[in-house]
Structure formats: C-alpha cells, structure tokens
Amino acid sequence: MDTQNLMLIDPHIHMTSRTTDDYERMRKAGIVAIIEPAFWLGQPRTEVGSFKDYYSSLVGWERFRASQFGIKHYCTIGLNSKEANNEALAEQVMELLPLFVYKEGVVGVGEIGYDDQTQAEDKYYRLQLELAKETNMPVQIHTPHRDKKSGTIRSMEVSLEHGIAPDMVIVDHNNEETVKDVLDRGFWCAFTIYPNSKMGNERMVEIVKQYGSERIIVNSAADWGISDPLSVPKTASLMLERGISLEDVRKTCYQNALDAFGKSGQMHESDWLTPNNVDQREKFSDNSVLRGGQTPKVGDMGADEGEFGSNIVR
Ligand SMILES: [Zn+2]
C-alpha cells in the first residue's frame, strides 16, 4: 500500500467499537483526523441516560483516546433513525441534543435520516434538521440499505424542504445507483467502502473515474461488525495504482471531508498541522491508555510507510 504520504481523513468511523491497534495502524497509514457519527449500539438503548453517557464519551474519552495515537477526533451528534422509532425515548433524547451540539469537536448533526422510512423516523429527522439549521451545523445523513434510491432522494428533498443548503449536507452510504442524483442536486456524496470484497475499492475507483472528485468523499463506516478501519488508505492507494491523479485522491480522501465538516467552524487543518506530539503519560479523568506498567510513547506517531507497507495483506 502506497498513499504517497498523503494526509487522510476518515469522516465516518465508529471508534468506540475499535481497539488501540486500529488507532495505531490508522495513524501509520496516514490518517490524521476522523469523524465519529453518533449511532446506535447494536441493540436498542432503554434509558435516556445511555444516550447521555454515549454522547459524553464521544466528546470526552474517545477524543482523548484518539489523541494518544496522534489522531484528531471529531464527532457528529444525533438521534439515529433506528432508535427514532422508540418515540417515548426519542422525545427525551431530543432534549439532550442541544446540550451536546455546541461542545468542542462537534462538527455536525448526525448520523440521522431514514432506516425503514417510518413516520417516527420522518418526524425526528425533520426535528433534527431544524436543530442543524438553528445551530448552523452540517448534517450527516445515513441513507437506508433497503429502498436505497428512493430513501436517498427523500432524504435530500426533505432537507431542502427545511431550507437547508445542499452544501451543508453530507449524504452517506451512496452507490452507483444514487451518485448522480446526489451530485446533480449539489449535495456532498459520501461512499462507504465495505471490506470482504476487493470490489469495494474497485467500484470506488470506477466512480471517481466516471464522476471525478468534486464533492465525493470516501469513508470506512467501521464499527464492531466486519469492517475495515483502513478502508480510506487502502482505497487511496488503489486509486493511485489505477492512475487516478494525486489531486483527485487528495480531494476524495481528505480535502472534501475537511471542506464539508469544516463549515461547522470546529475543524481546521491547523488542528493537525501544528506540531502536536503524542504524550501517553497524559490522563483523562485519571484514566490513561496504558495498562499494567506499559512504557508510554512520547513524541511523533506519524506515518511509517516502510514498516506499515510490509504488514498489509490486501
Ligand atoms: Zn455509521
């Protein structure tokens, strides 16, 4: 894997479910910043307090944990579409959201949108679009896996209905069937690269060949399921190998994510360009990432292509 030392951003990854090994490998592969959208936990929450603690960890412990491996961590805050269907709980979560959207490192309202396209999902999607509008925050949209095309178009139309500018909306989980609709309407068009099939990356290469790099964004959406936190660097590497220009790779795997979520005013390139060495002696609420007498790493955790390249199995 050779990404020609590009700095990379993964703008959709659920690090809460990943290990410190992942953080180390991601940093070595060139990832300098990530965005962690708020979503469900694999099983439904039963209390509003679970949401509160989860949001707190996204702006607290997880942000600290990433910093210990040289990665800048940002998040989006929202009520995910699956759990919008528990209306009694959803009402309470809506009251929590304004307490978190203004926190440091929050770059949008997300991931929100439709799952089964129920009435309750529609209601809370619209309410959260209003929250995004009030706070002038970008919106990160999760599009449904069933009825993908109609769900994607509906997500965009509803956001327009609420007066949100397309350049404030990142539409996620696109594919060959939806890319044109999203680009034609002026929205940011994000793609999740699922592992398991090398086709995941190959298809992305074809999309960039066909549509170019404008408003196209690559992410991994890695979580606790079968997923790959190195999807962005692997795709960047494959694009270069297939003759896509360095500039197009830089835009789809770095700059576009920064431009889109940078509209929050919470994410700046200077956040990771200024020398910011890792110090694993640091603690967060008395807790560090070290266990059982490990030696803290102090200093630069930057990309190490040589060592990293040889460890990669594609
Ligand atoms: Zn997600």
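Is Cys189 buried or exposed? Cys189 is buried, at 0% relative accessibility. The model discussed here is predicted. Its zinc ion takes protein donors from His12, His14 and Glu111. The disulfide count is zero. Helix 5 and helix 6 cross at roughly 45°, and helix 9 is mostly covered.

**Zinc site**

- Three protein atoms serve as donors to the zinc ion: NE2 of His12, NE2 of His14 and an OE atom of Glu111.
- These donors lie 2.1 to 2.2 Å from the zinc ion.
- Along the chain, the donor residues follow the spacing H-x1-H-x96-E.
- His14 sits in the loop between strand 1 (8–10) and helix 1 (20–28), while Glu111 belongs to strand 4 (residues 106–113), so this pair ties together parts that are 97 residues apart in sequence.
- His14 has 2% relative accessibility and therefore counts as buried, the cut-off being under 20%.
- Glu111 also counts as buried, at 5% relative accessibility.

**Cis peptide at a zinc donor**

- The peptide bond between Gly110 and Glu111 is cis, with omega about -15°.
- Most peptide bonds are trans.
- Glu111 is thus a residue to inspect on two counts, because it is a donor of the zinc ion and a partner in the cis bond, and its relative accessibility of 5% makes it buried.
- Its place is in strand 4.

**Cysteines**

- No disulfides are found in the model.
- A disulfide is a covalent bond between the sulfur atoms of two cysteines.
- Cys189 takes part in no disulfide. The cysteine sulfur nearest to it is that of Cys253, 14 Å away.
- For a disulfide, the two sulfur atoms would have to be within 2.5 Å.
- Cys75 counts as buried, with 1% relative accessibility.

**Helix 5 against helix 6**

- Two packed helices are described by the angle between their axes and the distance between the axes.
- Helix 5 spans residues 119–135 and helix 6 spans residues 148–161. Their axes come within 10 Å.
- The crossing angle is roughly 45°, and the two helices are therefore oblique to each other.
- The crossing is right-handed.
- On the helix 5 side, the contact residues are Asp122, Tyr125, Arg126 and Leu129.
- On the helix 6 side, they are Arg154, Ser155, Val158, Ser159 and Glu161.

**Positive phi outside glycine**

- Most residues other than glycine have a negative phi.
- Asn136 has a positive phi, near 55°. It lies in the loop between helix 5 and strand 5 (139–142).
- Asn136 is exposed, because its relative accessible area is 53% and the cut-off for exposed is over 50%.
- Ala221 likewise has a positive phi, about 50°. Its loop runs between strand 8 (216–219) and helix 9 (231–241).
- Ala221 is buried, with a relative accessible area of 11%.

**Helix 9 and what follows**

- Of the 11 residues in helix 9, 10 are buried.
- The buried residues are Ser231, Val232, Pro233, Lys234, Thr235, Ala236, Ser237, Leu238, Met239 and Leu240.
- Gly243 follows helix 9 and has a positive phi, near 90°.

Key: Residues are numbered from 1 along each chain as its sequence is written. This is a predicted model: local features need pLDDT of at least 70, side-chain atom pairs count only at pLDDT 80 or more; totals for chains, interfaces and linings use all residues. Side-chain values use heavy atoms; hydrogens and water are left out. Donors are N, O and S atoms within 2.8 Å of the metal (3.2 Å for Na, K and Ca); water is not among the atoms, so sites may look incomplete. Helices (H or I, at least four residues) and strands (E, at least two) are DSSP runs, numbered from the N terminus. Buried means under 20% relative accessible area, exposed over 50%, partly exposed in between (1.4 Å probe, protein chains only). Axes are lines fitted to C-alpha atoms, for helices over the stretch in contact, and angles run from 0 to 180 degrees between N-to-C directions. Angles under 35 degrees count as roughly parallel, over 145 as roughly antiparallel, 65 to 115 as roughly perpendicular and the rest as oblique. A crossing is left-handed if the near helix is turned anticlockwise from the far one by less than a right angle, and right-handed if clockwise. Contact means heavy atoms within 4.5 Å.
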